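Here is a guided walk through a protein model for someone meeting it for the first time. Please keep the picture at hand as you read.

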Amino acid sequence: MIEKLRLTTRIVSDQDEALNFYTEKLGLIKKADETFGPDDQRWVTVAAEQDDTVEIVLEPIDWFEGEEADRRSAMIGEQPALAFTVDDCQSTYETLREQGIEFTSEPTEQPYGIEAIATDLYGNGIVLVEHPSDAETI
């Protein structure tokens, strides 16, 4: 049986630029930054908290060649949104806007809580969700 989600990926043009965005702008924590393989590729991951079991792999497009590189390159900016739970959506929205994060929607009431949608460096969605204390999470 499947127990839990462990990793998800973000295809990025530049790992350092993406790492800076996700850690310095969004406030995620760098979990790994290690080299591997004969070409000294980097395994870079970030997570919402130090003990968070779901990590985001910042996967550079230059890991791939030929048709696979073309296919993955077409995915940049088209990857599924990442959703993060926040304590106060309005406050988080204001803080991130001040840091230059672009939003496609302001905080709005939804059936499951308050939601705001931002984009990362590549146009991928980042959803912030504040759940009411008595609501189930999505």
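In the hairpin of β2 and β3, which residue takes a positive phi? It is G37, with a phi near 75 degrees, in a hairpin that has 4 residues between the strands. Before we go further, a word on what you are looking at: this is a predicted model, in which local features need pLDDT of at least 70 and side-chain atom pairs count only at pLDDT 80 or more, while totals for chains, interfaces and linings use all residues. Residues are numbered from 1 along each chain as its sequence is written, and side-chain values use heavy atoms, with hydrogens and water left out.

Let us stay with the strands. Helices (H or I, at least four residues) and strands (E, at least two) are DSSP runs, numbered from the N terminus. Two strands are said to pair if DSSP finds at least two bridges between them. Strand β2 covers residues 29-36, and 7 bridges join β2 to β3 in an antiparallel arrangement. One place to look is K30, whose bridge partner in β3 is V46.

From β3, move on to strand β4, residues 55-60. These two strands also run antiparallel, pairing over 2 bridges. Here T45 has V57 of β4 as its bridge partner, and V46 stands opposite I56 of β4. So V46 is a residue to remember: K30 is its partner from β2, and I56 faces it from β4, which fits the general picture of β3, a strand largely enclosed by the rest of the structure because 5 of its 7 residues (41-47) are buried. Buried means under 20% relative accessible area, exposed means over 50%, and partly exposed lies in between (1.4 Å probe, protein chains only).

Now follow β4 to its other pairing. Strand β1 (residues 7-12) runs parallel to β4, and the two pair over 6 bridges. V12, for example, stands opposite P60 in β4. How many of the residues of β4 are buried? The count is 6 of the 6, so β4 is largely enclosed by the rest of the structure. Both of its faces are covered: E55, V57 and E59 are buried on one side, and I56, L58 and P60 are buried on the other.

Charged side chains come next. A salt bridge is a side-chain nitrogen of Lys or Arg within 4 Å of a carboxyl oxygen of Asp or Glu, and a search of the whole structure finds 7 of them. In one, the side chains of R6 and E55 meet, with N and O 3.0 Å apart. This pair links distant parts of the chain, since R6 sits in the segment before β1 and E55 in strand β4, 49 residues apart. R6 is partly exposed at 46% relative accessible area, whereas E55 counts as buried at 9%.

Another residue worth finding is R42. Its side chain meets that of D16 in a salt bridge, 2.9 Å from N to O. R42 lies in strand β3 and D16 in helix α1 (residues 15-25), so this pair ties together parts that are 26 residues apart in sequence. R42 also forms a salt bridge with D33, where the closest N and O atoms are 2.9 Å apart. Is R42 buried or exposed? R42 is buried, with a relative accessible area of 19%. Its two partners are partly exposed, D16 at 46% and D33 at 33%. Elsewhere, salt bridges that share partners join E59, E68, R71 and R72 into one network.

Finally, look at the outside. Patches are made of residues with over 30% relative accessible area and no salt bridge, joining like charges within 9 Å and nonpolar side chains (Val, Leu, Ile, Met, Phe, Trp, Tyr) within 5 Å. Accessible areas come from the Shrake-Rupley method with a 1.4 Å probe, and for residues only the protein chains shown count as cover. L7, F36 and W43 make a nonpolar surface patch of about 240 Å². L7, in strand β1, is partly exposed at 34% relative accessible area.

A second patch carries negative charge and gathers D87, D88, E94 and E98 on the surface. Lys and Arg count as positive and Asp and Glu as negative, with His and the chain ends not counted; the place of a charge is taken as NZ of Lys, CZ of Arg, CG of Asp or CD of Glu. E94 belongs to helix α3 (residues 89-98) and is partly exposed, at 40% relative accessible area. Helix α3 also holds R97, which is partly exposed at 48%. R97 and K25 are 72 residues apart in sequence, and their C-alpha atoms are 9.7 Å apart in space.
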